[in-house]
Amino acid sequence: MTVTVRSYLGAEDETSLGDDVLDGLTRPFKELPPKYFYDEAGAALFDRICELPEYYPTRVERAILAERAGELAALTGAAEVVELGSGTAAKSRLLLSSLADAGTLRRYVSVDVTEGMIRSTGASLAEEYPGLEVHGIVGDFERHLGHLPAPAGTRIVALLGGTIGNFTPGSRRRFLRGIGQLLGPDGVLLLGVDLVKDPARIEAAYDDAAGVTAAFNRNVLRVVNRELGADFEPDGFDHVAFFDREHEWIEMRLRAQRRMTVTVAGLGLTVEFAKREELRTEISAKFTPERLAADFAAARLETVELMTDSDALFGLAVARQSAPRRFRPARRRALAAV
Ligand SMILES: C[S@@+](CC[C@H](N)C(=O)[O-])C[C@H]1O[C@@H](n2cnc3c(N)ncnc32)[C@H](O)[C@@H]1O
């Protein structure tokens, strides 16, 4: 069994956490990027979220994959799955099994910021799929995709779980454009997107009755406390989740219960929170087919198919690089006629 794990998170990433926290906490409207939720404790909390009755995205995405993975294997004949933000790869196993059954699967490449997850999932997959080459990258998919190994054949790049929704619109298109360059002429992107629907249903998914999402949200403060010597009191913040109808995205925030002074020793920073002041910790954009098509077009991608469930709760988009644009033939003809 071949499992290779390479880590690209190091001193430079402590700097990046420091920069993001400094930048985010000194803005008039405070904000922290969602990737810092996922230390080992945060990753375990996210796994629990996926099992919650209110959290439909995982269940529905899994059902779509269970139904359509065979077709995806036949459509692509892929030798390789590159999964970004792979987590426990619970759903991608459905795809791997179909490709293994079709006899085309050679390699699985995972990219995630959580090292323990990359290592344990990689070891399990190598056992479950004899002969599979597993290459784990502990890194940030916004900065380390240059470290992917050269393609082992036709590629599927998978970004599941609605993770694309965490990007703001401009950075989302830039990120998708970068992914397009990883696909090669025959490869496809498999993109899990949560769809626009009744806001109450979406809000319940991000504010569960058992309080697991609230604990996940507060975990980002524990990460900043541990990594940067801050003294946030996580329990002094309330979990807030609401659907922003104008932007069609969910926002998670942490609201200070009272006035607070927080020190971030590692940055030599002192931050004041007014009573009820909010810190944004995540956006999660919801998609319509039109929004998705526009994002793909801006990223030089085109939709092959948007697979959804019968209630249109969640979508699994298959996209490929769009054909390169030709040099304006109409104008050439006009010039020739002059
Ligand atoms: C919403 S979870 C989805 C997990 C899994 N793909 C699924 O569908 O259940 C997001 C995953 O992306 C990872 N992640 C978030 N930001 C990342 C980043 N910038 N670079 C690499 N991994 C990231 C997290 O550690 C987590 O495993």
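Which residues does Thr-104 touch, not counting residues up to four places away in sequence? Here is a short tour of this predicted model, starting with that residue.

1. **Thr-104 and its surroundings.** Thr-104 touches Gly-77, Ala-78, Ala-79 and Leu-99, once residues up to four places away in sequence are set aside. You will find Thr-104 in the loop between α4 (92–102) and β3 (107–112). Its relative accessibility is 24%, so Thr-104 counts as partly exposed. If you would like a sense of scale, try Ala-294: Thr-104 and Ala-294 are 190 residues apart in sequence, and their C-alpha atoms lie 32 Å apart in space.

2. **The overall picture.** Stepping back, the protein has 10 helices and 13 strands. A compact globule of 338 residues would have a radius of gyration near 20 Å, and the 21 Å found for the protein agrees with that. The C-alpha trace spans about 70 × 65 × 40 Å along its principal axes. Among contacts with a separation of 6 or more, 72% join residues 24 or more positions apart.

3. **Inside and outside.** Of the 338 residues, 52% count as buried. The protein exposes about 15300 Å², and carbon and sulfur atoms supply 50% of that area.

4. **Helix α6.** This helix is a nice one to check by hand. It covers residues 169–183, and at 1.5 Å a residue its 15 residues should span 21 Å; the end C-alpha atoms are 21 Å apart, so the two values agree. Its buried residues are Ser-171, Arg-172, Phe-175, Leu-176, Ile-179, Gly-180, Leu-182 and Leu-183. Just after α6 comes Gly-184, with a positive phi of about 70°.

5. **Aromatic pairs.** What should you look for in two neighbouring rings? A pair of aromatic rings is described by the distance of the centres and the angle of the planes. With ring centres within 6.5 Å counting as a pair, there are 13 aromatic pairs. In one of them, Tyr-38 and Phe-46 have ring centres 6.0 Å apart and planes at 70°; an angle over 60 degrees counts as edge-to-face, so this pair is edge-to-face. Tyr-38 is partly exposed, at 24% relative accessibility, and Phe-46 is also partly exposed, at 23%.

6. **A buried pair, and a cluster.** Phe-232 and Phe-237 also form an edge-to-face pair, with 5.9 Å from centre to centre and 65° between the planes. Are these two rings on buried or exposed residues? Phe-232 has 4% relative accessibility and counts as buried; Phe-237, at 0%, counts as buried as well. Elsewhere, Tyr-38 and Phe-46 belong to one aromatic cluster together with Phe-37, Tyr-55, Tyr-206 and Phe-216.

7. **Charges over rings.** Two further rings are worth a look. The charged end of Lys-30 sits over the ring of Phe-273, at 4.8 Å from the ring centre. Arg-291 lies over the face of Phe-287, 6.0 Å from the centre of that ring.

8. **Positive phi outside glycine.** Which residues other than glycine can you pick out with a positive phi? Ala-89 is one of them, with phi near 55°. Ala-89 is placed in the loop between β2 (80–84) and α4, and its 1% relative accessibility makes it buried. Arg-300 is another, with phi of about 60°; this residue lies in the loop between α9 (289–298) and β12 (301–308).

Note on methods. Residues numbered from 1 in each chain as written. Predicted model: local features only at pLDDT ≥ 70, side-chain atom pairs only at ≥ 80, totals over all residues. Heavy atoms only, no water. Helix = DSSP H or I, 4+ residues; strand = E, 2+ residues; numbered from the N terminus. Expected span 1.5 Å × (residues − 1). Buried < 20%, exposed > 50% of the residue type's maximum accessible area, 1.4 Å probe, protein only. Phe/Tyr/Trp six-rings, centres within 6.5 Å; stacked < 30°, edge-to-face > 60°. Lys NZ or Arg CZ within 6 Å of the ring centre and 35° of its normal. Rg over C-alpha atoms; globule rule 2.2 N^0.38 Å. Contact = heavy atoms within 4.5 Å. Areas by Shrake-Rupley, 256 points an atom, 1.4 Å probe, with all protein chains shown as cover.
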